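Hello,

Here is the structure for you to look through. Please open it next to this email and follow along.

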Amino acid sequence: MPLTPMPAPAPAPAPMHERCDILIIGAGPAGMAAALAAAPSGAAITVVDDNPQPGGQIWRDGPQVALPPLAEQHRADLARHPNIRVLTGTRVVGLGASHPTDKAPALLLEDADRGRTQHSHRIILCTGARELLLPFPGWTLPGVTGAGALQALIKAGLNVRGQRIVIAGTGPLLLAAAATATQAGATVVRIAEQASWAALACFAAQMPRWPAKALQALTLIHPGLRASAHVLEAQGTTQVQSVRLRRGVHAEETIACDRIACGFGLVPNTQLGQLLGCALGGPLSGGLGLAVDAQMRTTVPGVLAAGENTGFGGSERALVQGAIAGHTAAGHVQQAQALRPQLARWESFAQALQSSFVLNEQLKALPRPDTLVCRCEDVAYADLTPRQGWIDAKLHTRCGMGACQGRICGAATQHLFGWTPAAPRHLLAPARIGTLAACGRAAPEGPSAAPSA
């Protein structure tokens with residue numbers, strides 16, 4: 001019986017070239033506010049985010065989430081503007097081939113089906129921030145996560161009912177993570193805040209300047225909170241079983257637990273901005289965020305930035321910065337300037353945050369010689385101590401050369417050793433061959449009308 005030939009596989013979708021007036025990377029509060037501010041201009045706006053729904057980290061959706069009314073309103077407002085296109089489940093993987101009519105760098109995008117080169121006249125970077133994770137003995141055990149990561153997992157459906165959880169690190173995110181875990185049925189047995197009671201009292205004394213924040217803080221107060229406390233070691237074999245904590249100068253306590261969530265502050269997501277050539281700076285990020293002027297313009301023409309990639313100050317600051325960036329990109333100069341007093345108010349809140357939750361020098365002594373610092377490439381602390389800098393470490397140990405491309409260990413070594421990770425180079429993330437083919441294809445001819453900024 002003759003064999004039936006196998007049908008030829010269907011060709012993968014070809015990469016495309018697309019054009020818009022304003023391209024917004026990130027659909028968190030800053031990105032949504034930027035799109036809504038620019039929308040009345042009639043500009044063609046594309047918003048890109050790698051999450052399934054708009055909202056970013058703070059307004060992350062999921063089966064166990066009741067979104068705040070403001071988040072719901074922003075989503076609805078995005079949907080009602082025909083000139084706003086939201087591409088969820090889509091990420092920036094690198095730079096695309098620019099066209100002479102482009103006024104901003106072309107970006108290479110990829111989703112589950114295809115790659116595309118996105119051309120635009122303005123780019124607004126609203127890439128947010130990620131947690132600073134510091135290595136300590138046992139931090140690679142199953143059950144140890146970041147504080148924000150615990151929140152994200154619970155919102156995505158992780159069942160923590162009946163589990164004992166210890167949360168450690170610094171900043172208001174610890175209390176927010178504890179509230180999320182408690183609402184999901186877990187028992188938060190301890191919140192170890194590394195800042196002192198004096199620092200917390202100073203921060204609390206300033207809170208009446210922002211009444212809504214003060215009211216929110218009151219709802220998050222937890223009886224398990226301890227100041228001047230930090231994690232020393234996660235203990236267990238195949239799963240975390242207990243945690244050893246430092247209390248004060250010399251006291252210690254060991255607490256049985258099922259999970260540990262540690263967050264030592266935030267690190268601005270500046271990789272894409274640096275890839276585009278944007279300079280870093282700004283006091284609200286310790287000089288690690290993207291530097292912007294009063295109109296949210298970066299040092300690269302056609303590229304603006306807003307939100308926590310420029311500094312840390314919560315969703316209120318991000319919303320105002322996003323609106324200013326959107327107005328600027330659309331050429332609404334007066335509307336952007338009118339928002340400056342609101343931004344100043346939330347910048348002062350950000351300054352209070354930064355001054356109150358300064359990391360203790362003791363945290364630099366947490367790793368032992370065999371503690372892994374780079375989890376992707378199994379690089380231990382002892383392997384890094386002889387090295388002279390980030391590049392030297394990469395050359396001799398492969399630190400930062402794994403799947404996360406130094407996003408975790410780069411920030412950790414910056415805190416531990418004062419190293420400055422090198423600016424990223426093309427590509428930002430692993431990409432399909434078909435997507436990379438989009439880099440070499442010619443962009444479509446013909447200029448697109450764009451608002452001036």
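Below are notes on confidence, two helices, some single residues and a pocket.

**Ground rules**

This is a predicted model, where local features need pLDDT of at least 70, side-chain atom pairs count only at pLDDT 80 or more, and totals for chains, interfaces and linings use all residues. Residues are numbered from 1 along each chain as its sequence is written, and side-chain values use heavy atoms, with hydrogens and water left out.

**Confidence**

pLDDT is the predictor's confidence in each residue, from 0 to 100. The protein chain averages 90. Of its residues, 93% score at least 70. Two stretches deserve care. Residues 10-15 have a pLDDT below 50. That stretch has 11 contacts in the model beyond near neighbours in sequence. A contact means heavy atoms within 4.5 Å. Residues 441-453 stay under 50 as well. For them the model has 37 contacts beyond four places in sequence. Where pLDDT is low, the predicted coordinates should not be read in detail.

**Helix α2**

Helices (H or I, at least four residues) and strands (E, at least two) are DSSP runs, numbered from the N terminus. Start with helix α2, residues 69-80. The expected span of a helix is 1.5 Å times one less than its number of residues. For the 12 residues of α2 that gives 16 Å. The end C-alpha atoms are 17 Å apart, which agrees.

Which residues of α2 are buried? Buried means under 20% relative accessible area, exposed over 50%, and partly exposed in between (1.4 Å probe, protein chains only). The buried ones are Ala71, His74, Arg75, Asp77 and Leu78. They cover an arc of only 165° around the axis, which puts them on the same side of α2. The arc is that of the directions from the helix axis to the C-beta atoms. An α-helix has 3.6 residues a turn, so residues three or four places apart point the same way. On the other side of α2, Pro69, Ala79 and Arg80 are exposed. The buried residues pack against α1 (29-38), β4 (84-87) and α8 (314-330).

Now look at Ile84, which sits in strand β4. Ile84 is buried, at a relative accessible area of 10%. Leu78 is among the residues that Ile84 touches, leaving out those up to four places away in sequence. The others are Ala35, Leu36, Ala39, Ile45 and Val47. Val249 is 165 residues from Ile84 along the chain, and their C-alpha atoms are separated by 54 Å.

**Helix α5**

Helix α5 covers residues 197-206. Its buried residues are Leu200, Phe203 and Gln206. These fall within an arc of 125° seen down the axis, so they line one face of the helix. Trp197, Ala198 and Ala205 are exposed on the other side of α5. The cover over the buried residues includes β12 (187-193) and α10 (340-356).

**A buried strand residue**

Ile167 belongs to strand β11, residues 164-169. Is Ile167 buried or exposed? It counts as buried, at 0% relative accessibility. Beyond four places in sequence, its contacts include Ala147, Leu174, Val188, Ile191 and Ala261. The C-alpha atoms of Ile167 and Ala33 are separated by 32 Å.

**The second largest pocket**

A pocket is found on a 1 Å grid over the protein atoms alone: it is an open set of points where a 1.4 Å probe fits, with protein on both sides within 12 Å along at least five of seven lines, and lining residues have an atom within 4 Å of a point. The second largest pocket holds about 550 Å³ of space. It is lined by 26 residues. Closest to its centre are Gln271, Gln405, Pro421, Ala422 and Pro424. Which element gives the largest share of the lining? That is α13, with three residues.

His415 lies in helix α13. At 15% relative accessibility, His415 is buried. His415 touches Leu134, Leu359, Leu363 and Lys364, not counting residues up to four places away in sequence.

**Two positive phi values**

Met296 and Arg398 are residues other than glycine, and each has a positive phi near 70°. Met296 is in the loop between α7 and β19 (303-305). At 2% relative accessibility, Met296 is buried. Arg398 is in the loop between α12 and α13. At 41%, Arg398 counts as partly exposed.

Best wishes

Technical notes. Points joined across faces, edges and corners; volume = space filled by probe spheres on them.
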